[in-house]
Amino acid sequence: MNILVCISKSPDTTSKIAFTDGGTKFDENGVQFIVNPYDEWYALVKALELKEAIGGKVTVISVGDASNDPIIRKSLAVGADEAVRVDAADTDALFVAQQIANYAKEHDYNIILTGKETINYNGGQLGGMIAELVGLPYVAMATKLDLVGDLATIEREIQGGSEVLEINGGFVLSAAKGMAEQRIPNMRGIMAARSKPLNVIPPSGGESHTSVVNYELPPAKAQCKYIDAENAGELIALLHSEAKVI
Amino acid sequence: MRTDQYTGHDYYNMDDLLTDEHKLVRDSARAWIKKEVSPIIEDAFEKGSFPKHLIPGLGEIGAFGPYIPEQYGGPGLDQISYGLLMQELERCDSGLRSTSSVQSSLVMYPIWKYGNEEQRMKYLPKLATGEFVGCFGLTEPDHGSDPGGMTTNFKDKGDHYLLNGAKMWISNSPFADIAVVWAKNEAGRIHGLIVERGMEGFTTPTTHGKWSLRASDTGELVFDNVKVPKANLLPNKSGLGAPLGCLDSARYGIAWGAIGAALDCYDSALRYSKERIQFGRPIAGFQLQQKKLAEMITEITKAQMLTLRLGQLKNEDKATSGQISMAKRNNVDMAIKIAREARQMHGGMGITNEYPIMRHMMNLESVITYEGTHDIHLLITGLDITGENAFK
Ligand SMILES: Cc1cc2nc3c(=O)[nH]c(=O)nc-3n(C[C@H](O)[C@H](O)[C@H](O)COP(=O)(O)OP(=O)(O)OC[C@H]3O[C@@H](n4cnc5c(N)ncnc54)[C@H](O)[C@@H]3O)c2cc1C
């Protein structure tokens with residue numbers, strides 16, 4: 001069973017967020033990057049669990065320039081067998097999906113896992129697009145996956161409960177919390193990652209359909225106004241005249 | 001204890017000078033420590049015993065003999081990775097780092113450098129995983145800063161050596177499987193011997209009542225006519241230079257470790273001062289508190305640069321004992337001062353084990369004493385720059 005896991009680069013959760021180029025680009029200066037946690041903790045680790053249970057190979061794929069190599073090496077240290085980097089800027093989700101779909105088709109992957117979204121752009125589109133492009137069913141935001149032979153049983157949280165689905169054959173799935181537990185690379189993994197293959201390939205076709213007009217930070221939190229507990233009248237007046245909510 | 005919210009501080013973008021593997025080693029160690037050690041370290045410190053269940057995990061993150069070549073079961077990392085691992089360990093607790101320092105630089109290093117192939121193959125792979133834990137016996141009750149005066153000795157009895165004497169203040173001794181012991185032969189020359197637990201006449205009483213390094217076990221090594229097989233003598237180096245070579249390696253790791261302790265104190269003080277409101281504003285807004293914080297990060301940054309350069313020299317095998325002494329002395333002193341200032345910034349809360357500060361502060365009293373006291377390192381630098389020996 002060969003599994004393809006899509007990984008992307010996200011700023012560390014403690015990074016300061018700022019923009020450059022007139023608000024059209026994320027300012028990477030001084031930012032530490034990590035493997036997008038949904039990709040790493042859930043998609044990649046689930047793929048490793050499947051491999052450990054039934055054999056096969058886990059390939060991680062990432063679209064981006066050489067600055068993605070550290071997160072790819074980390075994925076190899078966590079346990080992926082090999083890695084592919086499509087050497088192109090990850091301009092939009094469709095472009096990235098096209099690159100990954102092309103690679104998956106060419107190399108006959110029919111189980112493809114992604115995280116449910118990236119923690120920087122929160123698009124959540126990639127899995128669905130890949131599924132469409134490779135012609136496989138798609139399950140979004142799955143929290144559990146069991147594989148017996150060709151039969152996959154997949155669970156996902158829905159409003160007020162959960163949904164259990166079965167798929168016979170290949171599929172694309174985006175993984176959410178619950179799918180697996182984070183694995184911290186150990187020294188054996190880090191040493192093994194030194195000699196695992198990281199193949200850099202050129203982009204194959206594909207185009208971007210969207211471009212960023214600008215990014216904006218959320219408005220700064222307004223100052224908190226304290227009103228004496230004795231003074232309910234003033235509170236009501238302010239809610240009416242200033243906050244305009246009553 | 002509260003959840004471990006530590007994040008690293010890198011004011012001069014020193015990370016740009018590290019390789020991806022350096023960062024992977026460091027960040028993986030940090031993640032493991034936060035998951036496995038931070039939740040239990042206060043308890044271990046309070047109980048006064050080393051949490052032995054962590055030993056296999058320490059082996060897995062590469063904390064035992066990071067630079068030992070792969071052929072002997074080590075990870076074959078460079079000296080900067082070794083330093084970063086020690087920094088992460090001591091960021092959590094100096095005792096945790098001590099256990100790893102001893103295993104790496106004082107037990108594995110001499111077996112690797114001064115041992116023969118048979119000894120390397122017999123001990124190093126098991127020490128790397130933590131299946132064996134080792135200790136290092138140099139200090140004696142009457143010979144601390146002056147180890148050359150040691151009286152522990154061994155006599156050649158034909159098919160074995162007969163070892164007599166006692167060592168004191170030995171980290172890991174109470175549970176160690178093996179001890180690298182420094183003793184004089186009949187001609188008064190210092191040699192290293194590997195003594196194994198279970199050899200008749202060899203005991204390891206625990207030292208009680210420590211106010212420092214409580215999460216590390218310390219004890220004595222007592223040799224009462226211990227028969228040591230001749231195959232257990234480290235053949236490739238003798239004289240005081242042999243144990244001092246080990247100390248150079250360990251002191252280098254301590255220089256990094258101390259930065260870790262300082263970073264943890266600074267990190268906690270910075271966060272606390274932004275959250276703690278007095279006189280209607282965060283205490284971080286007061287000039288007196290800012291002076292403390294600004295001076296802390298300045299001193300940490302200086303130490304980081306000094307130590308990274310030392311690591312580069314170590315990688316090229318060019319670091320001198322004098323340079324290592326300077327870094328150990330400077331960094332431990334820096335850390336202990338930061339711990340004291342950080343403690344004050346936490347007010348009363350800094351007294352409790354809700355915060356790691358007092359633990360670091362107490363631990364660092366050992367760190368500033370062992371592996372050459374603060375004053376002894378000053379004398380080493382003094383001797384190095386003047387050529388005048390002020391020891392005796
Ligand atoms: C927790 C802990 C763990 C330890 N672990 C180990 C271990 O694993 N293995 C090991 O072998 N040892 C270990 N040690 C021992 C440690 O290395 C010694 O304590 C240290 O070298 C100092 O020796 P001492 O305690 O005998 O002090 P002393 O040498 O008696 O020094 C007392 C004071 O006199 C000063 N002094 C000494 N000589 C001079 C001089 N010439 N000029 C000026 N001042 C001087 C010193 O700086 C110090 O301030 C450990 C110690 C501690 C506290």
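**Exercise 1. What distance separates the centres of domain 2 of chain B and domain 3 of chain B, taken over C-alpha atoms?**

Conventions come first. The model is predicted: local features need pLDDT of at least 70, side-chain atom pairs count only at pLDDT 80 or more, and totals for chains, interfaces and linings use all residues. Residues are numbered from 1 along each chain as its sequence is written, while chains are lettered from A and ligands numbered from 1 in the order in which they are written.

Step 1. Chain B is assigned domain 1 (14-133), domain 2 (135-232) and domain 3 (241-386); such bounds come from an automatic or database domain assignment.

Step 2. The centres of domain 2 and domain 3 of chain B, over C-alpha atoms, are 30 Å apart.

Step 3. To the contact between them, domain 2 of chain B gives 10 residues and domain 3 of chain B gives 9 residues. Two residues are in contact if their C-beta atoms, placed from the backbone, lie within 7 Å.

Step 4. On the side of domain 2 of chain B that touches domain 3 of chain B there are 7 nonpolar, 3 polar and no charged residues. In this classification Ala, Val, Leu, Ile, Met, Phe, Trp, Tyr, Cys and Pro are nonpolar, Asp, Glu, Lys and Arg are charged, and the others, Gly among them, are polar.

**Exercise 2. Locate the ligand relative to the domains of chain B.**

Step 1. The ligand is surrounded by 22 residues, the closest being Leu138(B), Thr139(B), Gly144(B), Ser145(B) and Thr373(B). A residue is near a molecule if its C-beta atom, placed from the backbone, lies within 6 Å of it.

Step 2. Strand 1 (134-137), strand 3 (160-171) and helix 10 (374-386) of chain B are the elements that give two or more residues to this shell. Helices (H or I, at least four residues) and strands (E, at least two) are DSSP runs, numbered from the N terminus.

Step 3. The shell divides into 11 nonpolar, 9 polar and 2 charged residues.

Step 4. Because domain 2 (135-232) and domain 3 (241-386) of chain B both give residues to the shell, the ligand lies between them.

**Exercise 3. Describe how helix 4 of chain B packs against helix 6 and helix 5 of chain B.**

Step 1. Helix 4 (residues 94-114) and helix 6 (residues 241-275) of chain B pack at about 150°, their axes 9 Å apart. Axes are lines fitted to C-alpha atoms, for helices over the stretch in contact, and angles run from 0 to 180 degrees between N-to-C directions.

Step 2. This angle makes helix 4 of chain B roughly antiparallel to helix 6 of chain B. Angles under 35 degrees count as roughly parallel, over 145 as roughly antiparallel, 65 to 115 as roughly perpendicular and the rest as oblique.

Step 3. The crossing of helix 4 and helix 6 of chain B is right-handed. A crossing is left-handed if the near helix is turned anticlockwise from the far one by less than a right angle, and right-handed if clockwise.

Step 4. The residues that meet include Ser101(B) and Tyr109(B) in helix 4 of chain B, and Gly253(B) and Gly257(B) in helix 6 of chain B. By class, this contact has 9 nonpolar, 8 polar and 2 charged residues.

Step 5. With helix 5 (residues 117-129) of chain B, helix 4 of chain B packs at about 160°, with axes 9 Å apart. Helix 4 of chain B is therefore roughly antiparallel to helix 5 of chain B, and passes helix 5 in a left-handed crossing.

**Exercise 4. Characterise the contact between chain A and chain B.**

Step 1. In this contact, 13 residues of chain A face 15 residues of chain B. Helix 2 of chain A supplies the largest share of the chain A side, 5 residues.

Step 2. The axes of helix 2 of chain A and helix 1 (residues 20-47) of chain B come within 10 Å and cross at roughly 50°. These two helices are therefore oblique to each other.
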